[in-house]
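Please open the structure in your viewer and keep the sequence panel visible. The tour below proceeds from the whole chain to single residues, naming at each stop what to select.

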Amino acid sequence: MVDVIVIGGGPAGLTAAIYLGRLHRACRVLDAGRSRARWIPESNNCPGFPHGISGEELLARLRTQAESFGARFEQASVAALARSATGFRIEGEDGRCWQARAVILATGLADRLPDIPCVEEAVACGALRLCPVCDAYEVSDREIGIHGPWDAIVSHARFLRGYTARLSLLPTDRDGDAADLDGIDVRVLPAKGQLVFDGKRCGYALDDGCYWFDTVYPFLGCRSSAHLAAQAGVALTGAGEIPVDAHQRTRVSGLYAIGDIVSGLNQISVAVGQAAVAALHVHGELPFAPRG
Ligand SMILES: Cc1cc2nc3c(=O)[nH]c(=O)nc-3n(C[C@H](O)[C@H](O)[C@H](O)COP(=O)(O)OP(=O)(O)OC[C@H]3O[C@@H](n4cnc5c(N)ncnc54)[C@H](O)[C@@H]3O)c2cc1C
C-alpha cells in the first residue's frame, strides 16, 4: 500500500511526484511513456528556459528531480482503476496490480494526427504544429495553414490571424462559407484537398496544384483517457470531461486529476500548477505522518 500512486509521467504527473517526495510521502509513478510533451521540438514559453527546451529534455529533468526526492517509477499502462475499502486498486494491462491510499490521475490526451506518411517527422521539424498557444509566435508572419473540419478551423482563424496575414483555411469536410469568418481576412481553399509532407514542408494538394506552407496546424481533436476516472466512479460531464474542484479533487474521495486530462488550456505551466495544488491537498488528507 503506497501513499499515492500517480498515473501518468508527463509534466503534470512528474511535478506531483516532486512535491510528494519533498513532503516525505511514498509515491509511485506508473507511466506508459507517451507524454504529449515528447513531441515538443523546442518550447519557448516554458518559464525559466529563456533559450527554449525540448520536451524530451524537460521530461528527463523532471524525472531526475522526482527520483532525487524518492519517487519510484514503473513503465506500465494502467487498464483498470477501482475504489477499494482502503483506497484504490490499480491494474496494469500486463496483469500487475498496485494499491494506494490516494491516486492522482495525470494521463493527458492523445492528439488525432493527419493521416500522412512520416507525420512524426513533420511534427519534429515544425512543418506540422499542434498548439498555436505553444508555438505560433515562432511562425509569426509566415505562411500558415489551418487544417480540419470547417467549424473547428474557423474558431481558430481569429487567434492565428494575430500572428500572420498569410493565413489559409484548409477544410476537411465542406467548402467554407465566408459569412462564418466575421470579417477576418484569410484565404479559404476548397475542401477535401490532400495534406502532404515533402520532408520539409506540408502542402495541401488540390486538382489545380499544391499550396505549400511554412507550417500547418491541424485541428482534428484529441482522445481523452478520462475512462479511468469513470471506472473509479466519477460521473463524467456530457463532454466526457472529469469535473474537479479547486483542489483538483474529483467527486470520488482520494482521487485527483491534473494536467491536460482536465485543463481547458493544455499547457505545461497549467499542468505543473495543478500538480502542486493536488499534491499539497493529498498530503493534508492522508494520515498524519510525524517524523520519528
Ligand atoms: C507538438 C506539441 C508542442 C507543445 N508545445 C508546448 C509548449 O511549447 N509549451 C507548453 O506549455 N505546452 C506545449 N504543449 C502541450 C504540453 O505538451 C501538454 O500541455 C503537457 O504535456 C501536458 O502534460 P500532462 O502531464 O497533463 O500530459 P502528458 O504530457 O500527455 O502526459 C501524460 C502521460 O500519461 C501517460 N498515460 C496515459 N494513459 C496512461 C495509462 N492508462 N497508464 C499509464 N500511463 C498513461 C502517457 O503515456 C503520458 O506519459 C505541446 C504539445 C504538443 C503536442
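Two residues are said to be in contact when heavy atoms of theirs lie within 4.5 Å. With this meaning, consider the contacts in the protein chain with a separation of 6 or more: residues 24 or more positions apart account for 57% of them. Please bear in mind throughout that the model is predicted.

**First stop: the whole chain**

Select the entire protein chain and display it as a cartoon. The chain has 7 helices and 16 strands. Along the principal axes, its C-alpha atoms fill a box of roughly 75 × 40 × 35 Å. How does the radius of gyration of the protein chain agree with that of a compact globule? For 292 residues, a compact globule would have a value near 19 Å, and the protein chain has 21 Å, which agrees.

Now switch to a surface display. The accessible surface of the protein chain comes to about 14100 Å², and carbon and sulfur atoms contribute 49% of that area. Of the 292 residues, 47% count as buried.

**Second stop: the disulfide**

Select C131 and C134 and show their side chains as sticks. A disulfide is a covalent bond between the sulfur atoms of two cysteines. The structure holds 1 disulfide. C131 and C134 form this link, with their sulfur atoms 2.1 Å apart. The angle about the S-S bond is 75 degrees, and the link is right-handed.

Are C131 and C134 buried or exposed, or in between? C131 has a relative accessible area of 14% and is therefore buried, because buried means under 20%. C134, at 28%, is partly exposed.

**Third stop: two other cysteines**

Select C210 next, together with C202. C210 is in no disulfide; its nearest cysteine sulfur is that of C202, 9.6 Å away. With a relative accessibility of 31%, C210 counts as partly exposed.

Then move to C222. Why is the sulfur of C222 not bonded to the closest cysteine sulfur? That closest sulfur belongs to C131 and is 10 Å away, which is too far for a bond. C222 counts as partly exposed, its relative accessibility being 34%.

**Fourth stop: a nonpolar patch**

Select V133, F159 and L265 and return to the surface display. These residues make a nonpolar surface patch of about 260 Å². Within this group, F159 can be located in helix α5, which covers residues 150-161. F159 is partly exposed, with a relative accessible area of 39%.

**Fifth stop: two loop residues with positive phi**

Select H24, which lies in the loop between α1 (11-22) and β2 (27-31). What is the sign of phi in H24? The angle is positive, at about 60 degrees, although H24 is not a glycine. H24 is exposed, with a relative accessible area of 54%.

Finally, select D182. Where is D182 placed? The residue is found in the loop between β9 (167-171) and β10 (187-188). Phi of D182 is near 55 degrees, a positive value in a residue other than glycine. D182 has a relative accessible area of 60% and is therefore exposed, since exposed means over 50%.

Definitions and conventions. Residues numbered from 1 in each chain as written. Predicted model: local features only at pLDDT ≥ 70, side-chain atom pairs only at ≥ 80, totals over all residues. Heavy atoms only, no water. Patch = residues over 30% accessible without salt bridge, like charges linked within 9 Å, V, L, I, M, F, W, Y side chains within 5 Å. Areas by Shrake-Rupley, 256 points an atom, 1.4 Å probe, with all protein chains shown as cover. Salt bridge = Lys/Arg side-chain N within 4 Å of Asp/Glu carboxyl O. Helix = DSSP H or I, 4+ residues; strand = E, 2+ residues; numbered from the N terminus. Buried < 20%, exposed > 50% of the residue type's maximum accessible area, 1.4 Å probe, protein only. Rg over C-alpha atoms; globule rule 2.2 N^0.38 Å. Disulfide = S-S within 2.5 Å.
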